[in-house]
Every structure is written in C-alpha cells, then in structure tokens.
Amino acid sequence: MTDTVPARVLVIDDEPQIRRFLDISLRSQGYAVLDAATAGDGLARLATEGADLVILDLGLPDRDGIDALRELRQWSSVPVVVLTARADEDEKVRVLDAGANDYVTKPFGIRELMARLRALRRTQATADGEPPIYDDGALRIDPLRREVTLHGAPVSLTRKEYALLVLLVRHAGRVVTQPQLLREVWGPTHQDDTHYLRILVGKLRQKLGDDATHPRWIATEPGVGLRFLGRG
C-alpha cells in the first residue's frame, strides 16, 4: 500500500529550479509530487487532483501567496508549509494567521524541510480523527503508513479506493452521505456523479472480499450513502 499510494505534495513556486529540486528531493523520500508555477494553477490542481501537503511560495506572479492561502482555507484544511525569502517576524505572523501550518525561509535545508513535512503528516493523522491503526483481526489499516492488509497480506488499493476506505473508517458506525463521499474523494464539482461512487465501492469491496448483500465492513444505506460497520 505504501508503494502504490504515496502521500502527494503540491509544490506551488514560480522558480523552476526550486520546483525541480523539491521534485527530486520529495520523490527520493517516497512522496508523489504535483507542481504549479502560479497561484491560479496551484489552487486548480488542489481542487481537482487533491494533495496531502502543500508547499507554497509567497512571491507568485499572478497573486500574492497569502491571498492564495486565504482562498485555499475557505475550502481545504490541507497542511500548508510556506516557503519564501520573506523572513521578517511580522510577515511570518501574517502568514500563520492566514492559515499556514508552518513557515520555512529561503535558503533552506532540505533535511529540515523534510522533518517539518513528516511532523505535519503526524499531526494531520491525529487532527483528522483517523485512528492510528484500525485492526479487527482480519482487516488492518494504518493511516499514517498508508498500509492496508487483509489476513496479513497487503492489499493494493488505488489512491481513491484508499481515500474512500479511510473516510468510511473515520466515520465508523455512521452513515456518510453520497454527496459527502463524492465531494471528499473526487472534489466539489462531482457531487452528483453517483456512478463514480458505485463503481469505486464495488472495486473496493472486491479487493476486501466484502459481500454487498451480507457486508462485514461496508454497508450500503440505499439512497443515502455508505456505512463502515467496524469491528465485527
């Protein structure tokens, strides 16, 4: 699971050499990397493709990074590390007040940046309410390591299959509605695409060996949504 679904980092920076350096460094640490050279492109990629972390420059060509950060915070809680040459204390306070989770000034040490990203990942797992590990003796899910095993054998899930499973586990015992599932897995523009959800949950059940008519883990609430049944 770790190999098939790496954490995704979106780098928004107008300097090609910074993007290239971060791309190489992040991939060497097992991350998948998206990048954008402008605030507009970065926000669009986040909205349509999603990310687990964002590294955001402030000096972007189309708008100030703080403005982009404020807009992002209206619809996303993704952890954001601001990476910028602006080093004065007032600027740092302004950025953190606008919703950044951390702040690193250029020039920066790559080991320090990686450590900060790892710390944010740990904080994110706790803040999202994800259990450190779900384990009922048959199905085991480790959200921090992104590992899923069934009877001790690794289960290879796609990114969206994994996102759907973890979302359901996070709300175990409660119905999660179709619009919420579609919005959180595919994004706000796909809330009516219920066929996406039908296909995805079918594939997920198949990989888990779960029977829709007699579910052990994922139950369908007809016309409403899905429910994770938890430890059975």
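1. A quick definition before we start: two strands pair here if DSSP finds at least two bridges between them. Helices (H or I, at least four residues) and strands (E, at least two) are DSSP runs, numbered from the N terminus. With that in hand, strand β1 (residues 8-12) and strand β3 (residues 53-56) pair in the parallel sense, over 4 bridges. One residue to click on is Leu-10, whose bridge partner in β3 is Val-54.

2. Keep in mind that this is a predicted model, where local features need pLDDT of at least 70, side-chain atom pairs count only at pLDDT 80 or more, and totals for chains, interfaces and linings use all residues. Residues are numbered from 1 along each chain as its sequence is written, and side-chain values use heavy atoms, with hydrogens and water left out.

3. Now the sheet. β1 and β3 belong to an open sheet of 5 strands, ordered β2-β1-β3-β4-β5, and the pairing is parallel. At the edges sit β2 (32-36) and β5 (102-105), each of which pairs on one side only. From one strand to the next, the twist averages 20°. For angles in this note, axes are lines fitted to C-alpha atoms, for helices over the stretch in contact, and angles run from 0 to 180 degrees between N-to-C directions.

4. Two helices to look at against that sheet. Helix α1 (residues 16-28) packs on it, touching β1, β2, β3 and β4 (80-84), and the direction of α1 makes about 165° with that of β2. Helix α4 (residues 89-97) also packs on the sheet, touching β4 and β5, with a direction at about 145° to that of β5. Contact means heavy atoms within 4.5 Å.

5. Just past β5, have a look at the backbone: a cis peptide bond joins Lys-106 and Pro-107, with omega at about -5°. Pro-107 is in the loop between β5 and α5 (110-127).

6. Further along, what sits around helix α6? The axes of α6 (residues 159-170) and α7 (residues 178-186) come within 10 Å and cross at roughly 130°. The two are therefore oblique to each other (under 35 degrees would be roughly parallel, over 145 roughly antiparallel, 65 to 115 roughly perpendicular, and the rest is oblique). On the α6 side the contact is made by Lys-160, Leu-164, Leu-167, Leu-168 and Arg-170, and on the α7 side by Leu-181, Glu-184, Val-185 and Trp-186.

7. α6 also packs against helix α8 (residues 194-208), at an angle of about 85° with their axes 10 Å apart. That makes α6 roughly perpendicular to α8. Lys-160, Glu-161, Leu-164 and Leu-165 of α6 take part, and among the α8 residues in the contact are Leu-197, Leu-200, Val-201 and Leu-204.

8. Which residues of α7 are buried (under 20% relative accessible area, 1.4 Å probe, protein chains only; exposed is over 50%, partly exposed in between)? They are Gln-180, Leu-181, Leu-182, Val-185 and Trp-186. What covers them includes α2 (39-49), α6, β10 (175-177), α8 and β12 (225-228). Just after α7, Gly-187 takes a positive phi of about 115°.

9. One last backbone spot: His-151, in the loop between β8 (147-150) and β9 (153-154). Its phi is near 55°, a positive value in a residue other than glycine. At 62% relative accessibility, His-151 counts as exposed.
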